[in-house]
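Reader: I should be grateful for a close look at a single part of this model, with each term defined by its cut-offs. Please then follow its surroundings outward in one connected account.

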Amino acid sequence: MTFTSRPLKERFEEKYIACPMSGCWLWTASLNSWGYGNMRGLDRVERSHRIAWQLYRGEIPLDLQVCHKCDVPSCVNPDHLYLGTQKQNMRDVSKRDRHPKTLLTEAEIKRVFELSHEIPQAEIANLYGVDARYIWAVLNKKYRKFLSTDFVAGHVKKIPKKDGLS
Ligand SMILES: [Zn+2]
């Protein structure tokens, strides 16, 4: 008997964290340059939102694509996914710029790091109204990758400096 790798679903479920504000399941493992998650599937590496669909919804018809209702490429929440044509998928991609902020801003994340020396993570979470696991992920730098991809463009807007403002 050769070593059997752990079930796909089990490996999948430890690679995302749920964002309490948007409900998105954000992929914390590898992302491609478009912000989509990657994962080793049964026989090859595949986009993680496609794996999500197959795990929770079923087969993906050959002529359809798995698209995001939430416009967050790294999201793998099956409730945020739908089957669409290539045309629909392209339209979704082009809408992405107009989306509201769903995560902490870069400035807020900086503040989270400062606060982590002073108060417990659970309190920081309360302060920002987010799940403690999200704070944990931020502090463990699992969010660093989100700060350098296209994902950021639509979802983590930089706050202009307000120096001297009282
Ligand atoms: Zn989502």
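Author: Immediately after helix α2, Gly58 adopts a positive phi of about 130 degrees. Helices here are DSSP runs of H or I with at least four residues, strands are E runs with at least two, and both are numbered from the N terminus. Residue numbers start from 1 along each chain as its sequence is written. The model is predicted: local features need pLDDT of at least 70, side-chain atom pairs count only at pLDDT 80 or more, and totals for chains, interfaces and linings use all residues.

The loop that joins α2 to β5 also holds Ile60. This residue is partly exposed, with 13 other C-beta atoms within 10 Å. On the scale used, a residue with 20 or more other C-beta atoms within 10 Å of its own is buried, one with 12 or fewer is exposed, and one in between is partly exposed, the C-beta atoms being placed from the backbone. Setting aside neighbours within four places in sequence, Ile60 is in contact with Arg50, Trp53, Gln54, Val66 and Leu83; a contact requires C-beta atoms, placed from the backbone, within 7 Å. Leu83 is 23 residues from Ile60 in sequence, yet their C-alpha atoms are 7.7 Å apart.

Within α2 itself, the buried residues are Ser48, His49, Ile51, Ala52 and Trp53. They pack against α1 (8-13), β2, β3 (38-40), β4 (45-47), β5 and β6 (81-84). Between two of these partners, β3 and β4, a loop carries Leu42. Leu42 counts as exposed because it has 9 C-beta neighbours inside 10 Å. Its C-alpha atom is 7.2 Å from that of Leu8, although 34 residues separate the two in sequence. Strand β5 contains His68, which counts as buried because it has 22 C-beta neighbours inside 10 Å. His68 and Tyr82 are 14 residues apart along the chain, with 6.4 Å between their C-alpha atoms.

The surroundings of α2 extend into the largest nonpolar core, a set of 24 residues in which Cys24, Trp25, Leu26, Cys75 and Val76 touch the most other members. Two or more residues of this core come from each of β2 (25-27), α2 (48-56), β5 (65-68) and α6 (132-139). Because domain 1 (3-95) and domain 2 (106-158) both contribute residues, the core lies between them. Such a core comprises buried Ala, Val, Leu, Ile, Met, Phe, Trp, Tyr and Cys residues joined through C-beta atoms within 7 Å, and the domain bounds come from an automatic or database assignment. Apart from neighbours within four places in sequence, Cys75 is in contact with Cys24, Trp25, Leu26, His49, His68, Cys70 and His80.

Helix α6, which contributes to the core, also packs against other helices. The axes of α5 (residues 121-128) and α6 approach within 8 Å and cross at roughly 110 degrees. Helix α5 is therefore roughly perpendicular to α6. Axes are lines fitted to C-alpha atoms, for helices over the stretch in contact, with angles from 0 to 180 degrees between N-to-C directions. Angles under 35 degrees count as roughly parallel, over 145 as roughly antiparallel, 65 to 115 as roughly perpendicular, and the rest as oblique. At this interface, Gln121, Ala122, Ile124 and Ala125 of α5 meet Ala132, Ile135, Trp136 and Leu139 of α6.

Helix α4 (residues 106-115) packs on α6 at an angle of about 90 degrees, with the axes 10 Å apart. This arrangement makes α4 roughly perpendicular to α6. Here Ile109, Val112 and Phe113 of α4 meet Ile135, Val138 and Leu139 of α6.

As context for these details, the protein chain has seven helices and six strands. Buried residues account for 25% of its 166 residues. Of the contacts with a separation of 6 or more, 54% join residues 24 or more positions apart.

Conventions
Two residues are in contact if their C-beta atoms, placed from the backbone, lie within 7 Å.
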